[in-house]
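Morning, everyone. Please bring up the sequence and the structure, and keep both in view while I talk.

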Amino acid sequence: MKGQGFIRRLRFALLGLRRTIGAERSFRTHLVAAAVVLAVLLAARPAPLWWAILGLAVGLVLMAELFNTALETLIDHLHPEQHPEIGAAKDIAAAAVLVASGAAVVAGLAFAADWLSR
Ligand SMILES: Nc1ncnc2c1ncn2[C@@H]1O[C@H](COP(=O)(O)OP(=O)(O)OP(=O)(O)O)[C@@H](O)[C@H]1O
């Protein structure tokens, strides 16, 4: 399946996105948060740098969620039984989402502080 054309690879990626949206409530929650950030940016019309910072922050969270889901899917398929190391791997993947979310909150607070100080 190597060397697929761009359109086919894009389709695979969109299938992964659709599957994650359907299966993961936390991903849907983060998508709603991303929509709220977009609405705030459209309303506030800040400098382009804020679009870049908040866009990267939102992208980081969604990317972490997608990797978390990919890892969970793979682990559950390869090793459906309980094992402490499997639990640790899932906890670490969840920690990646937590770290990305924390960074996004910091970026959001920095934006709010900058906006309110105008
Ligand atoms: N096979 C397993 N062996 C040991 N511990 C596990 C196993 N599966 C899950 N756990 C533990 O239970 C926690 C929750 O697992 P689960 O698969 O429900 O992940 P989740 O974070 O709730 O996933 P989701 O993002 O789907 O809500 C894991 O973080 C891990 O600590």
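Helix α4, residues 84-116, gives the largest share of the shell around the ligand: five residues. Keep in mind that this is a predicted model. Which residues surround the ligand? Here is the list: Glu-24, Ser-26, Glu-72, Gln-82, His-83, Ile-86, Gly-87, Lys-90, Asp-91 and Ala-94. By type, the shell has two nonpolar residues, four polar and four charged.

Now compare that shell with the record. UniProt, in an unreviewed entry, lists a "binding site" at Glu-24, Glu-72, Glu-81, Gln-82, His-83, Lys-90 and Asp-91. These annotations may be inferred rather than shown by experiment. Let me take three of those positions.

Start with Gln-82. Gln-82 sits in the loop between α3 and α4. Is Gln-82 buried or exposed? Exposed, because just 7 other C-beta atoms lie within 10 Å, and 12 or fewer counts as exposed.

Next, His-83. His-83 is also a residue of the loop between α3 and α4. His-83 has 10 C-beta neighbours inside 10 Å, so it counts as exposed.

Third, Asp-91. Asp-91 belongs to helix α4. With 9 other C-beta atoms within 10 Å, Asp-91 is exposed. Asp-91 also has a partner to look for in space. Its C-alpha atom is 9.6 Å from that of Asn-68, and the two are 23 residues apart along the chain.

Let's step back to the whole chain. How many helices and strands are there? Four helices, zero strands. Along the sequence the pattern reads α-α-α-α. The C-alpha trace spans about 55 × 40 × 25 Å along its principal axes. The radius of gyration is 17 Å, while a compact globule of 118 residues would have one near 13 Å. Buried residues make up 10% of the 118 residues.

What about contacts? Take those with a separation of 6 or more. Residues 24 or more positions apart account for 72% of them.

On to the helices one by one. Helix α2 has 20 residues. From first C-alpha to last, α2 reaches 29 Å, close to the 28 Å expected at 1.5 Å a residue. Just after α2 comes Arg-45, with a positive phi of about 45 degrees.

Then α3, residues 48-78. Why do we say its length agrees with a helix? Because 31 residues at 1.5 Å a residue should span 45 Å, and the end C-alpha atoms of α3 are 44 Å apart.

Now look along α3 for buried positions. They are Leu-54, Ala-57, Val-58, Val-61, Ala-64, Glu-65 and Asn-68. What covers them? The cover includes α2, residues 25-44, and α4.

Stay on one member of that list, Glu-65. Glu-65 lies in helix α3. The unreviewed UniProt entry annotates Glu-65 as "active site". Glu-65 has 24 other C-beta atoms within 10 Å, so it is buried; the cut-off is 20 or more. Which residues does Glu-65 touch, leaving aside those up to four places away in sequence? Glu-24, Ser-26, Phe-27, His-30 and Val-97. Two of these names, Glu-24 and Ser-26, are also among the residues surrounding the ligand.

Another annotation from the record. UniProt, again unreviewed, places "transmembrane region" at residues 27-44, 50-71 and 92-113. What does the model show there? Residues 27-44 are 100% helix and 0% strand, with end C-alpha atoms 25 Å apart. Residues 50-71 are likewise 100% helix and 0% strand. Their end C-alpha atoms are 31 Å apart.

One last stop, back on α4. Find Gly-102, which lies in that helix. Gly-102 has 11 other C-beta atoms within 10 Å, so it is exposed. Now find Ala-57, one of the buried residues of α3. Gly-102 and Ala-57 are 45 residues apart in sequence, yet 9.5 Å apart in space, C-alpha to C-alpha.

To recap. The chain has four helices and zero strands. Helix α4 gives five residues to the shell around the ligand. Glu-65, in α3, is buried, whereas Asp-91, in α4, is exposed. Over to you for questions.

Notes
Residues numbered from 1 in each chain as written. Predicted model: local features only at pLDDT ≥ 70, side-chain atom pairs only at ≥ 80, totals over all residues. Near = placed C-beta within 6 Å. Helix = DSSP H or I, 4+ residues; strand = E, 2+ residues; numbered from the N terminus. Nonpolar A, V, L, I, M, F, W, Y, C, P; charged D, E, K, R; others polar. Rg over C-alpha atoms; globule rule 2.2 N^0.38 Å. Contact = placed C-beta atoms within 7 Å. Expected span 1.5 Å × (residues − 1).
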